[in-house]
Amino acid sequence: MRIIVTGKNIGVSQALEDRVNKKVGKLSRYIPDSDNVDANVRLTLDKKRNICEVTIPIKGAMLRAQEESDNNMFIAIDKVCEKLERQIFRNRKHFDKRLKDTAFDPTLPEFSEVAYEEEEAADYVIVKEKRFDVEPMTAEEAIERMELLGHTFFLFSNLETDSICAVYKRNDGTYGLLVPQM
């Protein structure tokens with residue numbers, strides 16, 4: 001797996017790059033044909049927050065995680081790799097056809113024994129269904145309606161593209177627009 005490390009507001013030292021290569025490199029045991037996969041790691045220093053974001057595309061799926069630490073980028077790197085490994089184990093049914101055959105073989109020496117055996121694969125249970133009318137409006141009107149409702153996302157019929165779209169509030173306080181491609 002090729003690991004591409006970039007820094008935003010931070011110089012990527014050799015020690016940081018070595019830690020990223022060591023931790024993210026361990027995830028390659030789950031990914032088939034990992035020589036042709038690019039793992040994008042972005043290290044960001046935002047005021048006093050150290051943020052590590054990892055994105056790994058694998059055969060029609062995407063592994064992505066982001067973690068932050070107050071004072072130490074090394075802790076953020078460790079936490080994000082643990083989070084990715086938990087994601088893989090929790091969703092192993094979904095990833096089963098995309099991962100290596102030996103990904104979950106506990107007899108192999110490189111298998112992580114981080115108490116994932118007790119975790120069952122996630123069973124997705126829908127506890128509530130809500131029906132609503134989708135009204136045609138602009139993205140700005142949809143954001144206003146979302147804010148009035150106090151929600152973090154809103155589904156609407158976009159007047160400009162004549163398709164069903166969604167607006168959502170991002171963690172940094174800005175807004176995003178999801179536009180489907182057919």
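**Exercise 1. Strand 3 and its partners**

How many bridges join strand 3 to strand 4, and how do the two run? Work outward from strand 3.

*Solution.* This is a predicted model, where local features need pLDDT of at least 70, side-chain atom pairs count only at pLDDT 80 or more, and totals for chains, interfaces and linings use all residues. Residues are numbered from 1 along each chain as its sequence is written, and side-chain values use heavy atoms, with hydrogens and water left out.

Step 1. Fix the terms. Helices (H or I, at least four residues) and strands (E, at least two) are DSSP runs, numbered from the N terminus. Two strands pair if DSSP finds at least two bridges between them.

Step 2. Count. Strand 3 is joined to strand 4 (residues 61–69) by 9 bridges, and the two run antiparallel. Isoleucine 58 has alanine 61 of strand 4 as its bridge partner.

Step 3. Turn to strand 2 (residues 38–46). It shares 7 bridges with strand 3, again antiparallel. Here arginine 42 stands opposite glutamate 53 of strand 3.

Step 4. Look at the turn. Strands 2 and 3 make a hairpin with 2 residues between them. Lysine 47, in that turn, has a positive phi of about 55°.

Step 5. Check cover. Buried means under 20% relative accessible area, exposed over 50%, and partly exposed in between (1.4 Å probe, protein chains only). Of the 10 residues in strand 3 (residues 49–58), 7 are buried.

**Exercise 2. Helix 1**

Find which residues of helix 1 are buried, and where they lie around the axis.

*Solution.*

Step 1. Take the span. Helix 1 (residues 14–25) has 12 residues and reaches 16 Å from first C-alpha to last. That is close to the expected 16 Å, the expected span being 1.5 Å times one less than the number of residues.

Step 2. List the buried residues of helix 1: Leu16, Val20 and Val24. Seen down the axis, they fall within an arc of 45°, so they line one face of helix 1. The arc is that of the directions from the helix axis to the C-beta atoms.

Step 3. Check the other side. The face turned away from the buried side carries the exposed residues Gln14 and Lys22.

Step 4. Find the cover. It includes strand 1 (2–8), strand 2, strand 3 and helix 2 (73–90).

**Exercise 3. Cores and cysteines**

Locate the largest nonpolar core, then settle the state of cysteine 52.

*Solution.*

Step 1. Define the core: a set of buried Ala, Val, Leu, Ile, Met, Phe, Trp, Tyr and Cys residues joined through side-chain atoms within 4.5 Å. The largest has 27 residues. Those with the most contacts inside it are Val41, Leu43, Cys52, Val54 and Ile56.

Step 2. Assign its sources. Helix 1, strand 2, strand 3, strand 4 and helix 2 each supply at least two residues of this core. Helix 2 gives the largest share, 8 residues.

Step 3. Find the other core. A second, separate one of 8 residues includes Ala139, Met146, Phe156 and Cys165.

Step 4. Test for disulfides, that is, pairs of cysteine sulfur atoms within 2.5 Å. The count is 0. For cysteine 52, the nearest cysteine sulfur belongs to cysteine 81, 6.5 Å away. Cysteine 52 counts as buried, at 1% relative accessibility.

Terms used: Contact means heavy atoms within 4.5 Å.
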